[in-house]
Every structure is written in C-alpha cells, then in structure tokens.
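Here are a few exercises to work through with the model in front of you. Try each task yourself, then check the solution.

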Amino acid sequence: MPILNVSEELASFIEKVNRQGAGYVFFQDKLGGEISVIGTHRSPEMSFDVTIVEIKPDGDGGFMVSRYGILELQTMDYHGTYKHAVSNLRDGLRLHEETFPEALRTNLSRWSGQEVEGPNIANVFKRTFYQMLLKFRLAGEGSAAAGTVLAIPQSVWDSWQPFLGAPELEDEAPGVKRLRVEPSTPPEQPLNAYVCVFDLEATNEAAVSPVQIKHFIRISPERLTRHAFTEVPEHILYAIQTEDSVLATIKQRLGKWWPAFQVRGSKRSRRRTENPKT
C-alpha cells in the first residue's frame, strides 16, 4: 500500500517538505503504480520501473512537483522456468518452518536451480536496448526527466559486451566512467544518463548481501547506437570474410551428405581471428 495513503505518514512527509524545502517520493509497480508515457501514432507507450519525484513548497501554501528522475532495473533472464524453484522454496518453508534459514543456506543451489537453464543473453539485450535508448534521451531534455539510471548486475553488463563491440571504458570524473571517446569525436552535450553496474558480495555472511558498485557509466545514446549498429556489424563482416566464415561452415555441413563438398587431405584448424581494426 502506498505510504502516503496513511494520513499520519502524509502529515509527517508534509512537515518534512516544509521544514527541509524538498522531499522525495517514488512510484513503482506495486507502490503507487508505474508512471507511463501515453503512446501516440508516432511513438510507443512507455512506462518507467521506478519514478523518483521531488516535491517542493510552491510558496503559496501548496506544493509542486519540481522534477523527476527515472530508475530502471534489468536482471538476467534465464531459459527454463522458475516454478520448480518457487515450489521448492514454498515446500522448504512448510517443512522447515523453525529452521528455514539454515535449510535454505544448505540447499540453496539445489532448490533454486531446478529446471532453470542457462541465461538467455540475446533476449536480455534485445528487450532492454531500444527502450533504454529512449529513456536515456529523456534525461535532461527540456521538461523531461532530470536524469535516467539503468541499474544492471555485472552478469548482464558482461552479456551485453558482444552486442556493443566490447567497448572500452575510460574515466570521465572521479567515480564516473564513459565509453572511450576517439580524439576526433566531436564534443557532445552530456546527458544526465547513466548505467550503474553492480554486483552482490555473495561470500558475505550478512543476511542481505551488500551491493558493490562496479561501474557508474555516463551514457551517450549516440555513442551507444554507434557501438551497437556500426562497430558490431563491422566486426561481423570481418568475421564472415575470415577462414571461420559462414560459407566455410555451410560447405562443411553440406560435406556431411554431399561428396562434392567434402574436404580432402589434411584439415586445417579453424581459428577465429580478431579484427585488426580493433
């Protein structure tokens, strides 16, 4: 239930806004509902995972929404189903009600991993990239969001690398990185848009694993687009033209059934060659 639905909490929040000059609330799926941008015939409907809103006194005894920010969360997506893991956890709680934490710690990998297969890496990128380009562009543009942050685990960031051409990171400011910029690149107006790469300290014995911030990266939608749609195709085209090419693979497959395509003599080892342009 939204906390502002409780009269005492609302009164406390109002008092703090008046005393401190500003206060912050957030909207999320089950806490006040997601905030959405209405679709038109020329643009899609779009919702935000978490919307952080700044409230200030308006000077006339009322209040105003002064600005808002967008926080997006993307976890790893896996093949398979979670229903067996959920069933195991539910049964574990029923059977080990008094000692569930210890039972969970002992059986975590077995209970949570049943019928869960490997990560669906391509899907993680495809279902995130387009909408994030839009939301990054909203950061600081006119009356749009004051900023956009996409928070992703290290595993998701690692899975993105082939789809972005494995871009190098460089320091932009203390604690902030950016995608490496070539000296000849024209200067860009920096947006208040970031990717926050985090990981959990799984070996920490605390009940809730502490979060480690691995990278805080300022994002340029234009640079991100160039990596995904210019540099990656260049790498693919180079790979197609090398010994480990699509045509070679097709001929090898045909050779299993068609003698004309069978390779005679010694077979050369096939090795992927890196693009010398990188």
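**Exercise 1.** Find which residues Leu164 touches, leaving out residues up to four places away in sequence.

*Solution.* Start with the ground rules: this is a predicted model, where local features need pLDDT of at least 70 and side-chain atom pairs count only at pLDDT 80 or more, while totals for chains, interfaces and linings use all residues. Residues are numbered from 1 along each chain as its sequence is written, and side-chain values use heavy atoms, with hydrogens and water left out.

Now look for contacts, meaning heavy atoms within 4.5 Å. Leu164 touches Phe125, Phe129, Trp157 and Leu224, and also His227, Ala228 and Val232.

**Exercise 2.** Work out which elements build the largest nonpolar core.

*Solution.* First, the terms. A nonpolar core is a set of buried Ala, Val, Leu, Ile, Met, Phe, Trp, Tyr and Cys residues joined through side-chain atoms within 4.5 Å. Buried means under 20% relative accessible area, exposed means over 50%, and partly exposed is in between (1.4 Å probe, protein chains only). Helices (H or I, at least four residues) and strands (E, at least two) are DSSP runs, numbered from the N terminus.

Next, the core itself: it has 21 residues, and Phe136, Trp157, Leu164, Val195 and Leu224 have the most contacts inside it. At least two residues each come from α4, β8 (147-153), α5 (154-164), β11 (193-200) and α6. Helix α4 gives the largest share, five residues.

Finally, look elsewhere: apart from this core lies another one of five residues, including Phe13, Val17, Val53 and Ile55. As background, nonpolar side chains in soluble globular proteins tend to be buried together.

**Exercise 3.** Find how many aromatic pairs there are, and describe two of them.

*Solution.* Rings of Phe, Tyr and Trp (its six-membered ring) pair if their centres lie within 6.5 Å; planes under 30 degrees apart are stacked, over 60 edge-to-face, and the rest tilted. That rule gives four aromatic pairs.

One of them joins Phe129 and Phe229, edge-to-face, at 5.7 Å centre to centre with 70° between the planes. Phe129 sits in helix α4 (residues 121-137) and Phe229 in helix α6 (residues 221-241), so this pair ties together parts that are 100 residues apart in sequence. Phe129 is buried, at 6% relative accessibility, whereas Phe229 is exposed, at 52%.

Another edge-to-face pair is Trp258 with Phe261, at 5.0 Å centre to centre and 80° between the planes. Here Trp258 is partly exposed at 48%, and Phe261 is partly exposed at 29%.

**Exercise 4.** Check the span of helix α2 and sort out its two sides.

*Solution.* The expected span is 1.5 Å times one less than the number of residues. For the 13 residues of α2 (residues 83-95) that comes to 18 Å, and the end C-alpha atoms are 18 Å apart, so the two agree.

Now for the sides. Ala85, Asn88 and Gly92 are buried in α2. They cover an arc (of the directions from the helix axis to the C-beta atoms) of only 60°, so they lie on the same side of α2. Lys83, Arg90 and Arg94 are exposed on the other side. What covers the buried residues includes α3 (100-113).

**Exercise 5.** Where does Ala166 sit, and is this residue buried or partly exposed?

*Solution.* Ala166 is in the loop between α5 and β9 (169-173). Its relative accessible area is 48%, so Ala166 is partly exposed. Check its backbone too: phi is positive, about 50°, although Ala166 is not a glycine.
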